[in-house]
Amino acid sequence: MSGRPQMTTMNGKRLSSIPPRHQNESTSQHLDLIRYICDSWNSVSRELDTCNTSNYRNGAATVTYYQEREPNPQLKDFQPFNLEIWWGQRVMQSITRNASS
């Protein structure tokens, strides 16, 4: 079993209350979306790698990588959101709440 939390609801409903036909549609759509994102990312990554070689020197670059030269002062206190920690904390709260009931 992986350490990642599993989604147990869809539109506020438990998966067990959703007819199996809808579960399969949802899973299929989810997998299609994940596949699309991975394929798109891999395509852009390959193109960027290609641009960093001889094609870039010849002016044939089609991917532009943006990076700020100076950090944005409005983002100086920015802290990235760690979804895995947040889910872990929610699971722990749920467990301790259920254990004390």
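How many aromatic pairs does a search of the whole structure find? The search finds two, and they are taken up below after a look at the chain as a whole. The structure is a predicted model, in which local features need pLDDT of at least 70 and side-chain atom pairs count only at pLDDT 80 or more, while totals for chains, interfaces and linings use all residues. Residues are numbered from 1 along each chain as its sequence is written, and side-chain values use heavy atoms, with hydrogens and water left out.

The protein chain contains three helices and two strands, arranged along the sequence as β-β-α-α-α. Helices (H or I, at least four residues) and strands (E, at least two) are DSSP runs, numbered from the N terminus. Confidence is given by pLDDT, the predictor's value for each residue on a scale from 0 to 100. Its mean over the protein chain is 75, and 64% of the residues reach 70 or more. Among the elements, helix α3 (residues 83–100) has the highest mean pLDDT, 91, and strand β1 (residues 9–10) the lowest, 46. Over residues 1–10 pLDDT stays under 50, and the model has eleven contacts beyond four places in sequence for this stretch, a contact being heavy atoms within 4.5 Å.

Of the 101 residues of the protein chain, 3% count as buried. Buried means under 20% relative accessible area, exposed over 50%, and partly exposed in between (1.4 Å probe, protein chains only). The accessible surface of the chain comes to about 9,800 Å², and 53% of this belongs to carbon and sulfur atoms; areas come from the Shrake-Rupley method with a 1.4 Å probe, and for residues only the protein chains shown count as cover.

Now to the rings. Rings of Phe, Tyr and Trp (its six-membered ring) pair if their centres lie within 6.5 Å; planes under 30 degrees apart count as stacked, over 60 as edge-to-face and the rest as tilted. Of the two aromatic pairs, one joins Phe81 and Trp86, with centres 6.3 Å apart and planes at 50 degrees, so this pair is tilted. In the other, the rings of Trp86 and Trp87 have centres 5.2 Å apart and planes at 75 degrees, so the pair is edge-to-face. Together, ring pairs link Phe81, Trp86 and Trp87 into a cluster. Phe81 counts as exposed at 60% relative accessibility, whereas Trp86 is partly exposed at 33% and Trp87 partly exposed at 22%.

Helix α1 offers a charged pair as well. The structure holds one salt bridge, defined as a side-chain nitrogen of Lys or Arg within 4 Å of a carboxyl oxygen of Asp or Glu. Asp32 and Arg35 form it, their closest N and O atoms being 3.0 Å apart. Both residues lie in helix α1 (residues 20–51), three residues apart, or about one turn of the helix. Asp32 is partly exposed, with a relative accessible area of 43%, and Arg35 is partly exposed at 46%.

Finally, Leu33, Tyr36 and Ile37 make a nonpolar surface patch of about 340 Å². Patches are made of residues with over 30% relative accessible area and no salt bridge, with like charges joined within 9 Å and nonpolar side chains (Val, Leu, Ile, Met, Phe, Trp, Tyr) within 5 Å. Ile37 lies in helix α1 and counts as partly exposed at 48% relative accessibility.
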